[in-house]
Amino acid sequence: MGSSAALIVALAALATGCGGAGSDTGATKPPAGESATKDSGSGSGSGSGGAVVDKGGSDTVFRTEERFRQALPDPASMAGWTPRSANAEIEEAPEPAANCGQDADWYCARIARGEANFEAVGEEAQFDLTAFADRSAAQDACREEKTWSAKYTEAQVPPVPGVDSHAYYRNAGGLDGLNLFMCTGTVVAQVLLEGEGSSLDPATAHSLAQLFASRIHKAAAAQ
């Protein structure tokens, strides 16, 4: 982010019933078993074409702690998962998109970012939400991320209704990871499943992504 300053706040209030989107259910971790087989080769990521489909979404700008609190999953919505941490990082001096450059990092023009982390059965689930000043900047970020992820093995996760989504597997530091990205409105959202020897069940990723997308849309609609 260059020299831009950021204000980081811990979302300690991410607890049962908090915010305007805390009543979602159905995020219980599905049992492992009928998961897609993970390809250990290089494969082609689902973003290999680089196209971004704009499926609408809200033009609401996520720039406050409360907006992130409403959008990020909380313990009430994550039955069966243990909460670990949550925070939001609000950029005090965000970079203009024009300064990103052709090869800049895909979130260089972000205005805020939030995350919430949970754990269950030796597997970690991380929810990331990156906010941009407008829909155009978010779409540019989606294209950058899709191009970057195309070198990895595609994960066969069903599409998430109402958003442009893609998923891929990645190994790093002895850990397996399944990354699922969603683009909607002015934000880019990520669900990351990670664990040593984890099954990384695409059904789990899909369930959590649907929960996350629902909360994002509710938070965008909240006044």
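## Salt bridges, helix α2 and nonpolar cores

Glu65, Glu66 and Arg69 are joined to one another in a network of salt bridges. The model in which this network appears is a predicted one. Within the network, the side chains of Glu65 and Arg69 meet at 2.9 Å, N to O. Both residues belong to helix α1, where they stand four residues apart, about one turn of the helix. Glu65 counts as partly exposed because its relative accessibility is 28%, whereas Arg69, with a relative accessible area of 12%, is buried.

Across the whole structure, the search finds 11 salt bridges. The table sets out three of the pairs.

| Pair | N to O distance | Relative accessibility |
|---|---|---|
| Glu65 and Arg69 | 2.9 Å | Glu65 28%, Arg69 12% |
| Glu115 and Arg113 | 2.5 Å | Glu115 13%, Arg113 17% |
| Arg143 and Asp140 | 2.6 Å | Arg143 35%, Asp140 36% |

Buried means under 20% relative accessible area. Glu115, at 13%, therefore counts as buried, and Arg113 is likewise classed as buried at 17%. In the pair formed by Arg143 and Asp140, Arg143 is partly exposed, and Asp140 is also partly exposed. Arg143 and Asp140 both lie in helix α2, three residues apart, or about one turn of the helix.

Helix α2 covers residues 135-149, and its 15 residues should span 21 Å at 1.5 Å a residue; the C-alpha atoms at its ends are 21 Å apart, so the model agrees with the expected span. The N-terminal end of α2 is capped by Asp134, which places a side-chain oxygen 3.2 Å from the backbone nitrogen of Ser136. Several residues of the helix are buried, among them Arg135, Ala137, Ala138, Ala141, Cys142 and Glu145. The buried residues of α2 pack against three strands, namely β6 (164-172), β7 (175-184) and β8 (187-195).

Strands β6, β7 and β8 also take part in the interior of the model. The largest nonpolar core comprises 41 residues, and Phe62, Leu129 and Leu178 have the most contacts inside it. At least two residues of this core come from each of α1 (65-71), β2 (82-91), β3 (112-120), β4 (123-131), β6, β7, β8 and α3 (202-221). The element that gives the most to this core is α3, with nine residues. Apart from this core lies another, of 13 residues, which includes Cys100, Phe132, Tyr168 and Cys183.

With neighbours within four places in sequence set aside, the contacts of Phe62 include Phe68, Leu129, Val187 and Ile216. Thr186 is also in contact with Phe62. Thr186 is found in the loop between β7 and β8, and at a relative accessible area of 2% this residue is buried. The side chain of Thr186 reaches the backbone oxygen of Thr60 at 2.5 Å. Beyond four places in sequence, the contacts of Thr186 also include Asp134, Arg135 and Ala138; of these, Asp134 is the residue that caps α2, while Arg135 and Ala138 are buried residues of that helix.

Confidence varies along the chain. The mean pLDDT is 78, and 73% of the residues reach 70 or more. Over residues 15-28 the pLDDT is below 50, and this stretch has 35 contacts in the model beyond near neighbours in sequence. Residues 30-54 likewise stay under 50, with 52 contacts beyond four places in sequence.

Terms used:
Residues numbered from 1 in each chain as written. Predicted model: local features only at pLDDT ≥ 70, side-chain atom pairs only at ≥ 80, totals over all residues. Heavy atoms only, no water. Expected span 1.5 Å × (residues − 1). Buried < 20%, exposed > 50% of the residue type's maximum accessible area, 1.4 Å probe, protein only. Contact = heavy atoms within 4.5 Å. Polar contact = N/O pair within 3.5 Å; in protein donor to acceptor, adjacent residues only side chain to side chain. Core = buried A, V, L, I, M, F, W, Y, C linked by side-chain atoms within 4.5 Å. pLDDT = per-residue confidence, 0-100. Salt bridge = Lys/Arg side-chain N within 4 Å of Asp/Glu carboxyl O.
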